[in-house]
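Walk me through this protein model. I want to know how its loops, its contacts and its cavities are arranged.

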Amino acid sequence: MEVAARTTIALLLALAVASGCLCGGAQGRHHRHTKHTRHNSAHAHAPSQAPGPSSSRRHAPPHARGASPPAPPPSSSSGAGGDYPTPGAAPDPAPEPAAGSAVAVYDVVKDFGAVGDGVADDTDAIKTAWDTACSEDGDGVVLAAAGHTFLVHTTVFTGPCQGSVTIQLDGTIVAPSDPDKWPANNKRNWLVFYNAHGTTLRGAGLIDGKGQKWWELPCKVHKGQGGSSGHGESCDSPVALRFFTSNNVTVQGLKVQNSPEFHFRFDSCRGVLVSGLSISSPQQSPNTDGIHIENTQDVLIANAAVSNGDDCVSIGAGTLNVHIENVTCGLGHGISIGSLGKQGTRACVANVTVRNAVIRHSDNGVRIKTWQGGSGSVSSVSFENVRMDAVRNPIIIDQYYCLSRSCENATTAVFVSGISYAGIRGTYDARSPPIHFGCSDAVPCTNITLADVELLPAASSGQSVDDPFCWNVYGNAATPTVPPVACLMDGVPGNYADNSSLKCY
């Protein structure tokens, strides 16, 4: 299984590199020959406020290709606070057609009557452009050009499509800013891609979730009121972009900000490539995870910068084969696996690699969090070459995760085993120990390894320094660590054979 996982991730990495290289070579080559147009009225719906397309299929003009210069790679010398490096991957232009074919362009303004002034409702125009492109064979590009701001209400882009569809966003898409303007029965999602296999969403544009009024709702629990961010069960807020049961999808080069809740969520997908994104929301914005992955496998997240109020990247149950590379996280809760096992549920996560990351001024660095009473396992996880800058909990396994004071210990837990930390360096906020391994009484953590770990208190902490904390954790330090981690237990627990049967994969 691990060989197959490495092969899949290698292919995704190759695709990310290839897409960046090919886009430069494609400049200036435009296919102008005629391609016959087929319309399928069963898939295309006339917009309520905009005229239908006068010519729905047009070949890509020179101006449809992205002209934005490549963004600089993440810089190790970026300042503290809100100054974070720009993502390292440049937004791609509209896709270059294969030899002998043409890309059909569906311009939401010129062909579908979108106004693009940020006031008029352009939902129907953009949705109809998608439906039309999706109903046609071959490659299609839905173009939302620069210089326009499109107000879009909650909508679902449904597949599967006849061919491949790329949404080229070089303008701005904004959500309604007032929660009262949202349908009473649909306040959990904004832009949804359902069964949209092979879809690409990219460009130099901006997606703004206008989340400020959502964060201020009375049902929200804000930082400073009970100590953590969160919301009640009755306080639904929309995820900005959700991909559901969509395979082989690519998201590249965009800026996404101020989502009412998660910025991106991938559910039940297979084959996900995310690169070159900039994701931002204020530090006090509750539940604004940058990228959340659940019941999804074969994922590559690369060259992204996230500064937000919750997890930079969060990995939920049912996730397999995830590679996170060259990601910079700031102000939020770091990179998290979990929370898992809530209300006695079974959760499985395996084959996760986080490499060459930077985490700045966050509550946590790299974290695994599980509830008491769950089942399943977290296994084969590697954190490599992660730099910490004034992070409160740089390395943490918390198997007693709880959002209230009423959680009780249980006799079952998610089994955490095979977790490695290598090349974890930097500084930490001395209010908490730099390393915290709090493992279940009933199901200890096993095979936890550390190498080349060096964590020093931040100069501005001005507090006494706590030693690393360990509870019921087995493993070893392959090299001397700073600070020394003398609390790991050697070998395996007596019930190791029984616990090993809990592994999901």
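D311 sits in the loop that runs between β21 (297-307) and β22 (313-315). The model is predicted. In it, D311 has a relative accessible area of 2%. That value is under 20%, so D311 counts as buried. Its side chain is joined to that of S336 by a polar contact of 3.1 Å. Beyond its neighbours within four places in sequence, D311 touches a set of other residues. T288, D289 and G290 are among them. H333, G334, S336 and G338 are also contacts of D311, as are R367 and K369.

One of those contacts of D311, H333, leads to the next loop. H333 lies between β23 (319-330) and β24 (335-340). In an unreviewed UniProt entry, the annotation "active site" covers H333. Is H333 buried or exposed? H333 is buried, because its relative accessibility is 11%, under the 20% limit.

Now turn to another loop. S432 is placed between β29 (415-428) and β30 (435-438). Its relative accessible area is 10%, so S432 is buried too. Which residues does S432 contact, once neighbours within four places in sequence are left aside? They are R392 and N393. With R392 the link is a polar contact between side chains, at 3.0 Å. S432 also has D466 to consider: the two are 34 residues apart along the chain, and 6.9 Å separates their C-alpha atoms.

Next, the enclosed space. The structure has two cavities of 30 Å³ or more. The largest has a volume of about 110 Å³. Its lining consists of 14 residues. Which of them lie nearest the centre of the largest cavity? They are I126, F157, I167, I173 and L201. Three strands each supply at least two residues of this lining: β4 (139-144), β7 (164-169) and β9 (189-194). What is the chemical character of the lining of the largest cavity? It is made up of 14 nonpolar residues, with no polar and no charged ones.

Finally, step back to the whole chain. Its secondary structure comes to four helices and 34 strands. The protein chain has 505 residues, and 54% of them are buried. D311 belongs to that buried part, and so do H333 and S432. Contacts can also be sorted by sequence separation. Take those between residues at least 6 apart in sequence: 77% join residues at least 24 apart.

Key. Residues numbered from 1 in each chain as written. Predicted model: local features only at pLDDT ≥ 70, side-chain atom pairs only at ≥ 80, totals over all residues. Heavy atoms only, no water. 1 Å grid on protein atoms, 1.4 Å probe; cavity = no way out; pocket = protein on both sides within 12 Å on 5 of 7 lines; lining within 4 Å. Points joined across faces, edges and corners; volume = space filled by probe spheres on them. Nonpolar A, V, L, I, M, F, W, Y, C, P; charged D, E, K, R; others polar. UniProt positions renumbered as here; feature names shortened; annotations may be inferred. Buried < 20%, exposed > 50% of the residue type's maximum accessible area, 1.4 Å probe, protein only. Polar contact = N/O pair within 3.5 Å; in protein donor to acceptor, adjacent residues only side chain to side chain. Contact = heavy atoms within 4.5 Å.
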